[in-house]
Amino acid sequence: MDQEHIYQLIKQGNFEEALKALFENIEANPKEVENYINAGILLAEAREVDKAEKFFQRAITLDPQNGAIYYNLGNVYYNEGRFKEAIKLYQQALKFNVDIVDTNYMIGMSFNQLEAYKEALPFLMTAAEQDNRQDVEAQFQYGLVLCHLEMFEQAIKQLKYVLEIDEKHSDALYNLGLATYMQTEDTAKAIQYFEDAVATNPEHVMSQHAIKTFKAIAEEE
């Protein structure tokens, strides 16, 4: 079965049929790398991680300069919480032909999961700077890591850019409120951002809590 048909099966959620077709393709053409990559992805989604790893390793043996193999195996490890291993694979992927934005973003997010924000910063910054698709999540995570590192002036600028892309991004509004207060100590402005976040998303618990907390601060000023 051709790859386009297999991709359609995957999009339709027919994973068992797609996997069967991939196994048949591998048997018929054992040197076709794409079959191993797709089989690895599907097996990982089915929580058959050990089996998935074997298919990715076989793909690496066949085509060690194929960045997609390292990137997708990195995603498997990321989803398994094996962040250090994921980072190594993403960095290996960057040596070859992969999406620079996505791969740098995933390295940054892996470091974030390890709470290694200084290490995450250059990768998330690269993802944001190289992004020409206005990827709101890549832009937001860069702003967020700036907040973690208490680089509030840059964070404010970045989070405002996120809101230019998506004015209803409640997490950006919430963190913009925090960053604004830390940079300027302007309680009223921070509260306005928190209220905007709640207006956008009434279930945004952190903003609800922040409104109460900062109004109490304002009363004491």
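In the predicted model, the span of residues 171–204 is 82% helix and 0% strand, and its end C-alpha atoms lie 8 Å apart. Residues 33–66 form a span with 79% helix and 0% strand; here the end C-alpha atoms are separated by 9 Å. Both spans carry the annotation "repeat: TPR" in an unreviewed UniProt entry, which also places that annotation on residues 67–100.

The search for charged pairs covered the whole structure and returned 7 salt bridges. One of the 7 salt bridges joins the side chains of Arg 47 and Glu 80, with an N to O distance of 2.8 Å. Arg 47 is located in the loop between helix 3 (33–45) and helix 4 (49–62), and Glu 80 in the loop between helix 5 (67–79) and helix 6 (83–93), so this pair ties together parts that are 33 residues apart in sequence. The two partners fall into separate accessibility classes: Arg 47 counts as exposed, at 58% relative accessibility, whereas Glu 80 counts as partly exposed, at 31%.

A salt bridge is also formed between Arg 82 and Glu 53, whose closest N and O atoms are 3.2 Å apart. Because Arg 82 lies in the loop between helix 5 and helix 6 and Glu 53 in helix 4, the pair ties together parts that are 29 residues apart in sequence. Glu 53 has a relative accessible area of 16% and is therefore buried, the limit being under 20%. Arg 82, at 26% relative accessibility, counts as partly exposed. The pair belongs to a network of salt bridges that links Glu 53, Arg 82 and Glu 85.

In another part of the chain, Asp 99 forms a salt bridge with Arg 133, and the closest N and O atoms of this pair are 3.1 Å apart. Asp 99 is in the loop between helix 6 and helix 7 (100–113), while Arg 133 is in the loop between helix 8 (117–130) and helix 9 (136–148), so the salt bridge ties together parts that are 34 residues apart in sequence. Asp 99 is partly exposed, with a relative accessible area of 32%, and Arg 133 likewise counts as partly exposed, at 44% relative accessibility. In general, side chains of opposite charge can pair when their charged atoms come close.

The loop between helix 8 and helix 9 also contains Asp 135. This residue is partly exposed, its relative accessible area being 25%. A polar atom of the Asp 135 side chain lies 3.1 Å from the backbone nitrogen of Glu 137. Asp 135 and Val 101 are 34 residues apart in sequence, and their C-alpha atoms are 9.3 Å apart in space.

Gln 158 is placed in helix 10, which comprises residues 152–165. With residues up to four places away in sequence left out of the count, Gln 158 touches Ala 128, Gln 139, Tyr 142, Gly 143 and Leu 146. The relative accessible area of Gln 158 is 10%, which means that the residue is buried, since the class requires a value under 20%.

Technical notes
Residues are numbered from 1 along each chain as its sequence is written. This is a predicted model: local features need pLDDT of at least 70, side-chain atom pairs count only at pLDDT 80 or more; totals for chains, interfaces and linings use all residues. Side-chain values use heavy atoms; hydrogens and water are left out. Helices (H or I, at least four residues) and strands (E, at least two) are DSSP runs, numbered from the N terminus. Buried means under 20% relative accessible area, exposed over 50%, partly exposed in between (1.4 Å probe, protein chains only). Contact means heavy atoms within 4.5 Å. A salt bridge is a side-chain nitrogen of Lys or Arg within 4 Å of a carboxyl oxygen of Asp or Glu. UniProt positions are given in the numbering used here, feature names are shortened, and annotations may be inferred rather than shown by experiment. A polar contact is a pair of N or O atoms within 3.5 Å; within protein, one must be able to donate a hydrogen and the other to accept it, and residues adjacent in sequence count only if both atoms are side-chain atoms.
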